[in-house]
Amino acid sequence: MTSKEILEDLRQSFLREQKALGIHTALGSLLRTFELSHPNFEGFIFRPAETKSLVLTTEGKFGVDDKQQIRVPENILDFPLSYTIHLLFHEFIHIRQRATPNFSASRPLREFEAYFAGLFSPNRPVIPLSEHLREQFLAAIEKYYQQMTEEEKATVQDKYDLAQKRWPESGDPRFLT
Ligand SMILES: [Zn+2]
């Protein structure tokens with residue numbers, strides 16, 4: 001079986017679980033399977049079904065102990081699992097950022113760091129990132145870098161330069177935490 005087939009099988013099993021036990025249970029299994037967790041994560045909230053693109057958002061106050069929820073479309077399990085997992089990882093980076101003491105980075109900086117982690121963090125999901133999603137993450141890195149102040153740009157210059165190299169999948173350096 002290819003990894004794509006394995007993921008499709010898994011997606012089907014989460015869909016069956018959703019049907020039998022509800023979406024909260026199914027998404028809980030999904031998070032456990034891919035080891036996505038944070039003490040401040042409180043659960044999922046839902047927006048109407050989407051067909052074209054998968055949009056996830058983290059909602060909650062910034063603070064070491066403040067609880068966070070991730071809003072997802074109610075048909076989230078209709079999307080390819082590799083896509084869903086990498087986007088959930090991105091939201092869990094935001095949850096971690098919000099729980100960091102005295103965290104005050106601007107939105108461009110927060111997004112830049114989260115997209116960068118999605119490509120380079122050694123902790124990122126081990127399942128393959130599609131070419132489409134990789135291009136989307138690189139475009140986001142570019143967009144948020146351009147929105148930063150010169151001072152902010154200087155703090156992420158090494159990361160930006162690395163992202164610019166557009167390494168091949170096989171040569172992914174994954175050298176940062
Ligand atoms: Zn984000």
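**Exercise 1. The sheet**

Task: Find the order of the strands in the three-stranded open sheet, and state which strands stand at its edges.

Solution. Step 1: In this predicted model, the three strands form an open sheet with mixed pairing, in the order β1-β3-β2.
Step 2: β1 and β2 (57-59) each have a single partner strand, so they stand at the edges, and one side of each is left without a neighbour in the sheet.
Step 3: From one strand to the next, the twist averages 30°.

**Exercise 2. Pairing along β3**

Task: State how β1 and β2 run relative to β3, and name bridge partners.

Solution. Step 1: Strands of a sheet pair through backbone hydrogen bonds, and the pairing is either parallel or antiparallel.
Step 2: β1 and β3 (residues 68-73) run parallel and are joined by six bridges. Phe-41 has Gln-68 of β3 as its bridge partner, and Gly-43 stands opposite Gln-69 in that strand.
Step 3: β2 and β3 run antiparallel, with three bridges between them. Here Thr-58 stands opposite Ile-70 of β3.

**Exercise 3. The two faces of β3**

Task: Sort the residues of β3 into a covered and an uncovered face.

Solution. Step 1: In a regular strand, side chains alternate between the two faces of the sheet.
Step 2: In β3, the covered face holds Gln-68, Ile-70 and Val-72.
Step 3: The uncovered face holds Gln-69, Arg-71 and Pro-73.

**Exercise 4. Nonpolar cores**

Task: Describe the largest nonpolar core and name the helix that gives the most to this core.

Solution. Step 1: The largest core has 23 residues, and those with the most contacts inside it are Phe-112, Tyr-115, Phe-116 and Ile-141.
Step 2: At least two residues of this core come from each of α3 (81-98), α4 (107-120) and α5 (131-146). The one that gives the most is α3, with eight residues.
Step 3: Consider Phe-112, leaving aside its neighbours within four places in sequence: Phe-112 is in contact with Ile-141, Tyr-144, Tyr-145 and Val-156.
Step 4: Another core, of seven residues, lies apart from the largest one; among its members are Leu-27, Val-72, Ile-76 and Leu-77.

**Exercise 5. Positive phi**

Task: Locate Glu-35 and Asn-102, and decide whether each is buried or exposed.

Solution. Step 1: Glu-35 is not a glycine, yet has a positive phi of about 55°. Glu-35 sits in the loop between α2 (23-33) and β1 (41-47).
Step 2: A residue is exposed if 12 or fewer other C-beta atoms lie within 10 Å of its own. Glu-35 has 10 C-beta neighbours inside 10 Å, and therefore counts as exposed.
Step 3: Asn-102, also not a glycine, has a positive phi of about 55°. Asn-102 is in the loop between α3 and α4. With 6 other C-beta atoms within 10 Å, Asn-102 is exposed.

**Exercise 6. The whole chain**

Task: Summarise the elements, the domains and the overall dimensions of the protein.

Solution. Step 1: The protein has seven helices and three strands, which follow one another from the N terminus as α-α-β-β-β-α-α-α-α-α.
Step 2: The radius of gyration is 17 Å, close to the 16 Å that the globule rule gives for 177 residues, so the protein is as compact as a globular protein of that length.
Step 3: The C-alpha trace spans about 50 × 40 × 25 Å along its principal axes.
Step 4: Domain 1 covers 1-79 and domain 2 covers 105-177; their centres, taken over C-alpha atoms, are 23 Å apart.
Step 5: Of the 177 residues, 23% count as buried.

Methods:
Residues numbered from 1 in each chain as written. Predicted model: local features only at pLDDT ≥ 70, side-chain atom pairs only at ≥ 80, totals over all residues. Domains from an automatic or database assignment. Core = buried A, V, L, I, M, F, W, Y, C linked by C-beta atoms within 7 Å. Buried ≥ 20, exposed ≤ 12 C-beta atoms within 10 Å, placed from the backbone. Helix = DSSP H or I, 4+ residues; strand = E, 2+ residues; numbered from the N terminus. Contact = placed C-beta atoms within 7 Å. Pairing = 2+ DSSP bridges. Axes fitted to C-alpha atoms, helices over the stretch in contact; angles between N-to-C directions. Rg over C-alpha atoms; globule rule 2.2 N^0.38 Å.
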